[in-house]
Amino acid sequence: MEILKVVLLAVALLGIGMLGMAIRIVFLKGGKFPNTHVGGNAHLKKNGVYCATTQDKLAQREARKELQFKKMNLITDTEAGK
């Protein structure tokens, strides 16, 4: 019986939270869910913190700059056998 009380209390608290968000969205002009993504946070952007996908793209771009395939020489089979 105790577990039922705990589950009902948790459901009630979640319901109150969802109702609060719904009221904010419906009744406020331009109401919308807050952007909790790292990319949408101006303070983190200012400090140079990006989401994992963006950080991966930046790292790949830097790696491509370091590797200069145009200067790479390929050894042919005849040169390797000398």
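**Predicted helical chain: working chat**

Trainee: How many residues of the protein chain count as buried, as a percentage?
Mentor: Just 1% of the 82 residues. Buried means under 20% relative accessible area, exposed means over 50%, and partly exposed lies in between, using a 1.4 Å probe and protein chains only. This is a predicted model, where local features need pLDDT of at least 70, side-chain atom pairs need 80 or more, and totals for chains, interfaces and linings use all residues. Numbering starts from 1 along each chain as its sequence is written, and side-chain values use heavy atoms, leaving out hydrogens and water.

Trainee: What pattern does the protein chain follow?
Mentor: α-α-α-α along the sequence. That is four helices and zero strands. These are DSSP runs numbered from the N terminus: helices are H or I with at least four residues, strands E with at least two.

Trainee: Where is the mean pLDDT highest, and where lowest?
Mentor: Helix 1 is highest at 90, and helix 4 (residues 77-80) is lowest at 60. pLDDT is the predictor's confidence in each residue, from 0 to 100. Where it is low, the predicted coordinates should not be read in detail. The chain averages 80, and 83% of the residues score at least 70.

Trainee: Back to helix 1. What should its 26 residues span?
Mentor: 38 Å at 1.5 Å a residue, and the end C-alpha atoms agree, lying 38 Å apart. The expected span is 1.5 Å times one less than the number of residues.

Trainee: How many buried residues does helix 1 have?
Mentor: Zero, so helix 1 is hardly covered. Val-11 sits in helix 1 (residues 2-27). Val-11 is exposed because its relative accessible area is 52%.

Trainee: New topic. Where is Tyr-50?
Mentor: In the loop between helix 2 (42-46) and helix 3 (52-66).

Trainee: What is Tyr-50 in contact with, leaving aside neighbours within four places in sequence?
Mentor: Val-38, Gln-55 and Leu-58. Contact means heavy atoms within 4.5 Å. Val-38 is twelve residues from Tyr-50 in sequence, with the C-alpha atoms 6.3 Å apart. Tyr-50 counts as partly exposed because its relative accessible area is 36%.
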